[in-house]
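Please read the following report alongside the sequence and the coordinates. It moves from strands to helices, domains and chain contacts.

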Amino acid sequence: MMTSKMWVTMGPQHPFSHGLWTLKVKIDGEVITDAIPIIGYLHRGWEKECENRTYPQIIPMADRLCYSASMTWSHVYVMAVEEALGIEVPERAQYLRVVADEICRIQSHLMWLAAMGTDLGNLTVFLWSLREREMFLDLFVKLCGQRLTTNYPRIGGVRNDMPYLFERDCMRVVDLFEKRLWDIIALMDDSAIFLSRMQGVGRISRKEAANMGLTGPGMRGCGVNFDVRRDDPYEVYDLLDFEVPVHKDGDAYARYAVRIEEMFQSCEIIRQAMAQMPDGPVRIKVPRNVPAGSHFARIEDPRGEALMHLISDGTDKPYRLKVRSPIFVNVSGAKRMVLGTRMADVPAIMGTIDMCLGETDR
Amino acid sequence: MSFSDWVNISDPLANPNSPYGVTENIPYSVGSGLWEIIGGILAWIINMIVPGNRLSPWLISDAVTNALGLVLMVVVFFAVIFIVNLTMIWIERKVLGRIMDRRATRIGPLGYLQCLADGLKTFLKEHIMPDKADKKGYMWAVSIVIGSAVLIAGMIPLSPRWFLADYGTGLLIVFGIFAVSPFMILVAGWAQNNKYSLIGGMRAAAQMISYEIPMLLVFVSVVLMAGSLNINDIVQFQMDNTWFIIPQFIGFVVFMVAAVAEAERIPFDLPEAEAELVEGWQTEYGGMKWGLIMLSDYFRGYVACALGVIMFLGGWALPFMDELVIPEIVFLLKVILLFFIMVWARGTFGRIRTDQILNIGWKVLLPLAVLNLFIVVLLKMGGVF
Amino acid sequence: MAIKYMDKYPKNVALRGWILKPFLTTFKNMIKTTIHRPVTIMYPYEKEWIPDNYRGRPGLVFEKCVGCGICERMCPTTCIELVEVEDEALGKVKRPQVNVGRCMMCGYCAEYCPVEAMTVTPDYELAGYTREDLIYDPYQLKWENTTIGMEVHLEEHLPSNLAKGVTDKPTAFYEVDRPKLIGEKCISCNRCAKTCPVDAIEMIVVGENAKGKPIKHPKIDDSKCVFCEQCIVICPKDALEINEVL
């Protein structure tokens with residue numbers, strides 16, 4: 001009997017693709033024999049637009065790279081400019097940035113967990129995760145006035161100091177969150193259905209991950225022990241004590257477990273940073289023109305390694321600003337991950353990539 | 001002649017044409033009583049306009065009262081089931097809302113009228129059909145899906161005095177018609193000319209056929225134990241002896257899992273898995289057609305729960321208090337209890353995969369159902385029942 | 001190194017809770033939200049509390065504004081435009097007009113405002129029927145209950161101060177940066193004095209040229225100047241330049 005194979009286009013407007021991207025899969029019955037990820041539906045010319053903005057004006061634009069990692073993206077941009085200016089940021093500002101980064105990491109991972117829940121058909125996980133995420137967004141509102149587009153880091157520091165009682169709120173939220181996260185984990189790790197969906201699918205080996213240049217939880221889920229925060233410390237991460245979660249399996253479940261553990265570690269980092277935070281200024285005055293040169297800065301984004309390469313020409317506008325998006329690289333592993341799995345596995349596997357098209361297409 | 005000569009409510013059991021003979025049947029009584037009021041008023045009015053005509057006595061004759069009373073009885077019976085279904089939808093939305101820590105329905109007292117508002121909204125939507133769809137298959141599939149669902153819902157008696165037909169083959173016919181809709185889902189998936197629908201239809205057919213078998217084995221063991229296919233006899237047997245959930249607990253679990261799969265609910269809602277197949281086999285259905293499909297889902301859920309109650313939970317009977325309670329209410333409360341468990345499972349679990357669902361069906365549920373059958377045969381041979 | 005939270009679970013997957021624990025967890029939450037209320041905020045009827053420094057649309061305190069145009073220059077989306085309005089008390093003045101449809105709510109206009117006239121407001125319900133509705137003129141920009149919390153202060157520390165160990169004197173660029181005159185380029189055209197929004201520039205006679213006419217150079221009053229750079233932009237011979245203090 002002749003079996004015919006069929007191309008199914010999943011996306012760009014499809015419930016599984018969180019954002020505008022397409023995964024064309026060739027299915028034989030339900031088994032996937034070929035896959036092509038297609039991106040580029042959300043190209044906005046971000047890098048070109050930056051060439052017409054002065055340096056401070058790019059900070060709120062960098063927030064718009066990714067809706068759930070706005071703080072880390074503006075942070076990496078600011079770090080690149082500070083690298084070019086050669087200035088030292090006040091210590092308190094560095095701690096504040098670390099705290100904001102970790103809040104951002106937790107809320108981004110919660111957004112991912114929520115999306116993961118809908119991908120697997122469990123709406124309870126979706127709503128519970130978003131409920132916890134609200135607390136961290138409220139912290140952002142208190143700290144810098146907006147929920148998502150934080151616009152918090154500035155060249156030479158941060159926008160403002162901690163508001164009144166922020167430290168108390170932060171500790172309360174972190175404590176409550178750690179308690180409530182166990183409820184969500186009970187729905188995932190304790191559920192045989194969830195485990196059977198996640199374990200053993202979307203497997204990618206350590207070597208393949210390294211060759212493709214995967215970063216972030218996708219790479220640590222394959223057993224590569226690398227984290228920019230620990231191995232190339234920026235800000236004050238070298239003064240903080242935290243662990244980098246690594247899982248050997250390399251399947252969808254490993255990536256899930258790494259992200260969950262990262263949330264616990266981020267809570268720990270927030271506690272330590274709040275305890276160690278020194279007094280002092282939070283922002284220094286910087287010159288408006290950046291000397292000519294080529295500099296880059298990298299940071300551990302919630303999704304992987306974010307890098308910005310800045311080429312300045314001595315004016316108050318950048319000559320070129322290149323963004324290295326972690327998802328742009330991670331999505332290249334999509335084909336390798338879904339080959340041989342079933343069509344029902346596609347959301348489960350692609351959910352663990354944690355797509356964000358704003359930064360991918362720029 | 002005066003008004004009271006035309007409108008007089010007689011005992012429906014005295015009607016010589018009644019198909020139910022001397023058996024008490026509340027919907028029939030209500031139906032024929034309603035017609036005696038409506039038809040009597042009509043006959044009175046007609047007689048006032050044209051005195052001494054032959055139409056007026058005909059309208060309130062025994063034969064016409066019986067025929068139109070039966071029509072009204074069906075309407076009454078369906079209205080009750082429909083309200084029960086609306087309540088079940090309301091319960092599902094409320095319980096899911098509380099589980100997920102969110103507000104659920106809003107319109108009406110306690111949000112009860114939200115379903116009606118949604119129904120009105122879907123009813124007002126435009127009729128859209130894909131250009132290259134198979135028109136006949138597209139429309140007939142949804143008609144038969146909703147039609148078979150309503151038909152089996154009408155076949156379930158709520159009590160010995162609240163039924164449409166009391167027939168010997170009982171459960172067999174219910175299960176037979178329960179198995180019709182998977183084929184129509186396959187037709188619907190094919191007719192929409194859409195890859196997602198096709199895959200969804202295939203999944204539906206595979207899943208439902210493989211879950212039909214453990215379900216039927218459980219059904220066989222229940223029938224074997226009760227010694228009858230008739231629903232009344234099965235419930236009467238349980239009232240005389242014990243509820244079947246005690247000797248056949250395995251059978252109950254197998255039946256509930258299979259029933260969730262048959263009703264296409266999470267965690268077995270693969271045919272409409274929204275994450276990978278946009279809306280599964282319903283992708284191209286819109287407006288009221290989609291609304292009817294949703295309604296048929298709930299009717300099938302109602303039927304599955306009602307069968308579970310009849311087969312395992314003693315139907316409309318409560319132990320030690322046979323005379324105190326209204327049997328219809330007891331039956332519906334038990335149905336809603338089972339439905340609550342299905343909703344609870346929906347709020348707790350995700351969706352499972354195609355191969356896993358078939359594995360569970362063939363490798364777990366089927367052996368368990370056979371084991372259950374063995375237990376029943378042993379009990380029967382041992383003379384326990 | 002390893003996944004720490006998994007220590008609570010047995011290594012063997014078969015020994016985990018299977019389906020009981022999820023059932024109990026959801027039931028617990030259902031009871032909890034039935035007794036108390038769900039966390040949902042029914043938006044149009046009830047609203048979340050938001051702090052004063054919430055960055056909604058920009059607001060303007062009309063009387064404080066000097067029309068310097070720093071907000072216009074700082075705006076990343078160029079949604080602010082200085083327009084001339086005829087005010088009853090102040091006469092003909094220049095005030096910012098904001099196209100809220102383009103505004104990205106970054107709060108830069110409030111942050112860089114030298115006189116704290118621009119503020120952030122907690123107004124986030126900005127829908128309008130036409131695009132013209134979204135262009136807020138200076139009077140529409142006013143916010144009734146402007147509080148001090150809505151002002152965003154720019155508190156920068158000079159690196160030179162920090163090097164000296166002075167950490168309690170925050171300042172801002174408009175307090176320290178001043179335009180610097182390159183005397184030989186100046187042609188005494190007087191334009192900088194005319195354009196200065198705060199009248200900080202006074203033309204002072206510094207000498208006579210060959211034809212016997214007086215040479216006038218601008219003299220900048222440091223206490224009045226807000227460093228809006230308008231004089232630098234308008235100078236036809238680039239005689240004024242930015243003098244940054246670090």
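## The sheet of chain C

In what order do the three strands of the open sheet of chain C stand, and is their pairing parallel or antiparallel? The order is S2-S3-S5, and the pairing is antiparallel. Because strand S2 (80-87) and strand S5 (135-136) of chain C stand at the edges with a single partner strand each, one side of each is left without a neighbour in the sheet. This description, like everything that follows, refers to a predicted model.

Within this sheet, S2(C) is joined to strand S3 (residues 91-99) of chain C by eight bridges, the two strands running in the antiparallel sense. One pair that fixes the register is C:Val83 with its bridge partner C:Arg95, the latter belonging to S3(C).

## Paired strands in chain A

In chain A, strand S1 (residues 6-10) pairs with S2(A) over five bridges in the antiparallel sense, and A:Val8 has A:Val25 of S2(A) as its bridge partner. Strand S2 (residues 22-28) of chain A is in turn joined to strand S3 (residues 31-38) of chain A by seven bridges, again with an antiparallel run.

The link between S2(A) and S3(A) is a hairpin with two residues between the strands, and in its turn A:Gly29 has a positive phi of about 70°. On the strands themselves, A:Asp28 stands opposite A:Val31 in S3(A), while A:Ile27 has A:Ile32 of S3(A) as its bridge partner.

## Helix packing in chain B

Two packed helices are described by the angle between their axes and the distance between the axes. For helix H11 (residues 249-262) of chain B and helix H14 (residues 354-382) of chain B, the axes come within 9 Å and cross at roughly 145°; the crossing of H11(B) past H14(B) is left-handed.

The contact brings B:Ile250, B:Gly251, B:Val254, B:Val257 and B:Ala258 of H11(B) against B:Leu365, B:Leu368, B:Ala369, B:Leu371 and B:Asn372 of H14(B). By class, the residues of this contact between H11(B) and H14(B) comprise eight nonpolar, two polar and no charged.

## Domains of chains B and C

For chain B, the domain assignment gives domain 1 (9-79) and domain 2 (134-382), and the C-alpha centres of these two domains of chain B lie 36 Å apart. Seven residues from domain 1 of chain B and five residues from domain 2 of chain B take part in the contact. On the domain 1 side, helix H2 (26-49) and helix H4 (62-99) of chain B are the elements that give two or more residues, and H4(B) has the largest share, with three residues. That side of domain 1 of chain B, sorted by class, has five nonpolar, one polar and one charged residues.

For chain C, the assignment gives domain 1 (2-35), domain 2 (58-150) and domain 3 (160-243). The centres of domain 1 of chain C and domain 2 of chain C, taken over C-alpha atoms, are separated by 52 Å.

## Contacts between chains

The contact between chain A and chain C takes 37 residues from chain A and 39 residues from chain C. On the chain A side, helix H2 (55-63), helix H5 (123-144), helix H6 (166-188), helix H7 (192-198) and helix H11 (252-276) of chain A each supply at least two residues, and H11(A) gives the most, with five residues. The classes on this side of chain A are 16 nonpolar, 10 polar and 11 charged residues.

The contact between chain C and chain B takes 11 residues from each of the two chains. The side of chain C that touches chain B has six nonpolar, five polar and no charged residues.

## Confidence in chain B

The mean pLDDT of chain B is 85, and 99% of the residues of chain B reach 70 or more. Within chain B, confidence is lowest in helix H1 (residues 3-6), at a mean of 72, and highest in helix H13 (residues 327-348), at 89. Where pLDDT is low, the predicted coordinates should not be read in detail.

Technical notes: Residues are numbered from 1 along each chain as its sequence is written. Chains are lettered from A and ligands numbered from 1 in the order in which they are written. This is a predicted model: local features need pLDDT of at least 70, side-chain atom pairs count only at pLDDT 80 or more; totals for chains, interfaces and linings use all residues. Axes are lines fitted to C-alpha atoms, for helices over the stretch in contact, and angles run from 0 to 180 degrees between N-to-C directions. Helices (H or I, at least four residues) and strands (E, at least two) are DSSP runs, numbered from the N terminus. A crossing is left-handed if the near helix is turned anticlockwise from the far one by less than a right angle, and right-handed if clockwise. Ala, Val, Leu, Ile, Met, Phe, Trp, Tyr, Cys and Pro count as nonpolar, Asp, Glu, Lys and Arg as charged, and the others, Gly among them, as polar. Two strands pair if DSSP finds at least two bridges between them. Domain bounds come from an automatic or database domain assignment. pLDDT is the predictor's confidence in each residue, from 0 to 100.
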